Amino acid sequence: MRKPTRRREVGRGERVLPGVWRLRLPLPWPGVPHCNAWALAAGDGIVLVDTGMHEPGSMAHLERALDQAGLRLEHVRLIVCTHAHVDHCGQAPAIRERTGAEVWMHPARGHLRANDETPEQSIARRVEVARQSGVPEEPLQRWAEQRRSMGRGISGELTVDRDLLPGVTVSTDLGEWQVIETPGHAPSHVCLHQPERRLLITGDHLLGRVSLYFDEGHTPDPVGEFLMGLDRVDALDARLAFTEASATWLLAKTRSWLTHLERRGEALRAEPAEPGGADVWSAPPAGR
């Protein structure tokens with residue numbers, strides 16, 4: 001019997017609040033079928049928060065999602081990227097070229113250029129990190145083969161017009177959104193906080209499910225930075241979070257992440273510190 005092939009998603013758009021639209025954009029990665037961009041009403045246009053990854057057909061998916069939301073690409077007045085990963089900024093150069101909209105992003109975005117090696121150099125570096133973390137050879141090689149079939153994921157040279165730093169605000173019809181630095185997942189990661197309406201756009205800082213990823217090799221302690229970011233978000237008087245999965249209650253989400261990380265750390269510390277002991281891949285969270 002032929003094994004069924006995975007059906008690719010298509011771009012989808014929907015309103016989640018007055019003045020806020022969710023744009024669900026397909027991704028080619030196993031286990032990660034889509035990412036979310038967010039459109040925020042701003043005068044006669046929108047602020048586009050994140051852009052999706054660039055690959056063949058990706059712009060058509062974005063335009064389809066915008067159309068379902070009653071919007072067009074020409075409505076984009078500003079592009080704000082929560083961080084410099086290609087699934088969040090990959091289409092920014094092409095959108096900027098078509099619309100003339102500025103691109104805003106945190107200045108610690110050098111990690112995007114750190115992957116400007118040849119494709120084989122990039123794959124070899126990531127494979128070695130994963131191997132040292134205990135990833136078995138079979139899934140590791142399967143990932144490497146799939147990665148070889150992909151491009152860089154970005155539509156051109158990324159030009160950033162303004163650095164997203166604390167004190168910078170993003171103006172929309174819902175009010176001013178404040179920049180909250182939340183590194184860890186990526187050195188350039190920020191969340192956007194609308195205090196009067198108690199809203200937060202979380203990018204990849206908080207996902208729909210607990211799934212740990214830290215951009216390695218750019219800062220001394222990305223895990224510690226991530227925990228610091230969780231504390232910052234937890235201290236905000238925000239109620240509703242627009243995450244990579246959907247809109248969700250913020251307090252429950254931050255608590256679930258903190259609980260998972262505590263259990264993961266306990267499981268790793270419980271293993272013997274010797275060859276053959278725990279590694280990042282194999283150590284299960286306590287209680288499972």
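## T82 and its surroundings

The side chains of T82 and H83 are joined by a polar contact of 2.9 Å. This comes from a predicted model. T82 belongs to the loop that runs between β5 (76-80) and α2 (86-89). Its relative accessibility is 0%, so T82 counts as buried; the cut-off for that class is under 20%.

T82 also touches residues from other parts of the chain. With neighbours within four places in sequence left aside, T82 is in contact with V49, D50, H88, S188, H189, V190, I201 and G203. One of these contacts, V49, falls within strand β4 (residues 45-49), described next.

## Strand β4 and its partners

Strand β4 covers residues 45-49 and is mostly covered, with five of its five residues buried. β4 is paired with β3 and with β5, and the two pairings have opposite directions: β3 and β4 run antiparallel, whereas β4 and β5 run parallel.

Between β3 and β4 there are five bridges. In this pairing L40 stands opposite V47 of β4. The two strands form a hairpin with two residues between them, and in this hairpin G43 has a positive phi near 65 degrees.

Between β4 and β5 there are four bridges. Here L48 faces I79, a residue of β5. To get from β4 to β5, the chain passes through helix α1 (residues 58-68), and the resulting β-α-β crossover is right-handed.

## The aromatic pair

How many aromatic pairs does a search of the whole structure find? The search finds one. The pair is formed by W38 and F242, with 5.0 Å from centre to centre and 35 degrees between the planes, and is classed as tilted. The angle explains the class, because planes under 30 degrees apart would count as stacked and planes over 60 as edge-to-face.

W38 is part of strand β3 (residues 32-42) and F242 is part of strand β12 (residues 240-242), so the pair ties together parts of the chain that are 204 residues apart in sequence. Are the two residues buried or exposed? W38 and F242 are both buried. Strand β3, which holds W38, is also the strand that runs antiparallel to β4.

## A charge over a ring

Another tryptophan, W104, has an arginine over its face. The arginine is R162, which lies 5.1 Å from the centre of the W104 ring.

Definitions and conventions. Residues numbered from 1 in each chain as written. Predicted model: local features only at pLDDT ≥ 70, side-chain atom pairs only at ≥ 80, totals over all residues. Heavy atoms only, no water. Phe/Tyr/Trp six-rings, centres within 6.5 Å; stacked < 30°, edge-to-face > 60°. Buried < 20%, exposed > 50% of the residue type's maximum accessible area, 1.4 Å probe, protein only. Lys NZ or Arg CZ within 6 Å of the ring centre and 35° of its normal. Polar contact = N/O pair within 3.5 Å; in protein donor to acceptor, adjacent residues only side chain to side chain. Contact = heavy atoms within 4.5 Å. Pairing = 2+ DSSP bridges. Right-handed = clockwise from strand over helix to strand, strands pointing away.
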